[in-house]
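Me: I should like a close look at a single part of this model. Please choose one element and explain, step by step, how it is placed against its neighbours.

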Amino acid sequence: MNGTTNGQGPAVELAGVVKRFGDRSGTEVTAVDHIDLTVMDGEFFSLLGPSGCGKTTTLRMVAGLELPTAGSIRIHGEEMGLRPPNKRPVNTVFQSYALFPHMTVAANVGFGLEMRKVPASERKDLIDWAIDLVEMGSMAHRKPTQLSGGQQQRVALARALVNRPEVLLLDEPLGALDLKLRQQMQFELKNLQREVGITFVYVTHDQEEAVTMSDRIGVMHEGRLLQVDTPEAIYERPTTRFVADFIGQTNFLEATVASGEEVVLANGDRLRLSSDQPSGSSVAVTVRPERLTVHRRGEAPMDRHCVEGRVETVTYLGNAVVYGIGVDWMHLEVRCPATLAGDRRDVGDDVTVSFEPDHAAVVTG
Ligand SMILES: Nc1ncnc2c1ncn2[C@@H]1O[C@H](COP(=O)(O)OP(=O)(O)O)[C@@H](O)[C@H]1O
Ligand SMILES: [Mg+2]
């Protein structure tokens, strides 16, 4: 296989990819429903979505472990068609490490090279390189049973990287690790990806993991790809209610599109916000809790959009205070940096909640 690829072209292209599974009763499940996606060379790309949304199936089709019902998959411009997994320039790392228990770390990492009949002299350098990359140099002679879960996953990673795949596919590789180790590995994995420059397609249901590591994220729901964007754009400018809700906490204000540039909230207030939906469509305006500010009634600055309400709950979190605000037509959650108790609003206070129109997004669905 052909080592690292640092060009700027597409690495993986999916066009109109569909995967249906039939069962014995004749009913069909559409696991992947017309996905179009381009992952660029050298990118750390994550497919993110809840369990059952089709992430693994998508990855397995790229790997050649499943064939699409319809559509095409290209890797570096080449149509994969019916090409078997071992003839594709990819390697996969799964959640379960499946290391050979009787072999040392070095032998596990070198196994694929041996199968491919890479000469022993070249093998050694490649194995050393891959084991060093995952910082397992001091444990090259251990057996998998003498390693922790995190160390075993590093070996699994080295075993995939040693082949210098053009694209590395990772299916929830950190899923079996505890939170602290998982967070450490997220950081290391991102650094390692930058260092080797190999395109990563990473599958996870963990939004924090995807946001931390990825250059771009594709959010999936029920077999469809809802939005593909940078982590920041996904968080700040979601286009659907599902994406807004799946990535972090948020508020939804029911609204109707008045024109391309304006929406009307349920209370009749007009907001200048653009939307690609036709006039009269039901939409929601979403604003993150930390983008809302609570003021004493009537004290909000003029240039912000304001909604009047009453404090229903105050939750002190140490570094933040979360207010639950009842507005006659809805409920809002507001997250503020913790202020001194004297500056805090109390339950029952009449308040004005404000936000900058720039911090709101119109979502559908
Ligand atoms: N081999 C299979 N046979 C039948 N249904 C399958 C098969 N593999 C996956 N599915 C179904 O396809 C859908 C997507 O599954 P999957 O891709 O594993 O989702 P995810 O990885 O996002 O959790 C689910 O409804 C799942 O039950
Ligand atoms: Mg899965």
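Reply: A crossing of two helices is called right-handed if the near helix is turned clockwise from the far one by less than a right angle, and left-handed if anticlockwise. The part considered here is helix α2, residues 105-115; helices are DSSP runs of H or I with at least four residues, numbered from the N terminus. Residues are numbered from 1 along each chain as its sequence is written, while chains are lettered from A and ligands numbered from 1 in the order in which they are written. The model is predicted: local features need pLDDT of at least 70 and side-chain atom pairs pLDDT 80 or more, whereas totals for chains, interfaces and linings use all residues.

Consider the neighbour α3 to begin with. This helix covers residues 120-133, and its axis comes within 10 Å of the axis of α2, with a crossing angle of roughly 125° (axes are fitted to C-alpha atoms over the stretch in contact, and angles between N-to-C directions run from 0 to 180 degrees). Because of that angle, α2 is oblique to α3 (under 35 degrees is roughly parallel, over 145 roughly antiparallel, 65 to 115 roughly perpendicular, the rest oblique). The crossing of the pair is right-handed.

On the α2 side, the contact is formed by Val105, Ala106, Val109, Gly110, Leu113 and Glu114. The α3 side contributes Arg123, Leu126, Ile127, Ala130 and Ile131 (contact means C-beta atoms, placed from the backbone, within 7 Å). By class, 8 residues of this contact are nonpolar, 1 is polar and 2 are charged (nonpolar: Ala, Val, Leu, Ile, Met, Phe, Trp, Tyr, Cys, Pro; charged: Asp, Glu, Lys, Arg; polar: the others, including Gly). The polar residue is Gly110, and the charged residues are Glu114 in α2 and Arg123 in α3.

The second neighbour is α4, which covers residues 149-161. The axes of α2 and α4 come within 7 Å and cross at roughly 30°. That angle is why α2 counts as roughly parallel to α4. This crossing, too, is right-handed.

In the contact with α4, helix α2 supplies Val105, Asn108, Val109 and Gly112. They meet Val155, Ala158 and Arg159 in α4. These residues divide into 4 nonpolar, 2 polar and 1 charged. Asn108 and Gly112 of α2 are the polar residues, and Arg159 of α4 is the charged residue.

The two contacts may now be brought together. Val105 and Val109 of α2 take part in the contact with α3 and also in the contact with α4. Helix α2 is thus oblique to α3 and roughly parallel to α4.

How values were computed:
Helix = DSSP H or I, 4+ residues; strand = E, 2+ residues; numbered from the N terminus. Contact = placed C-beta atoms within 7 Å.
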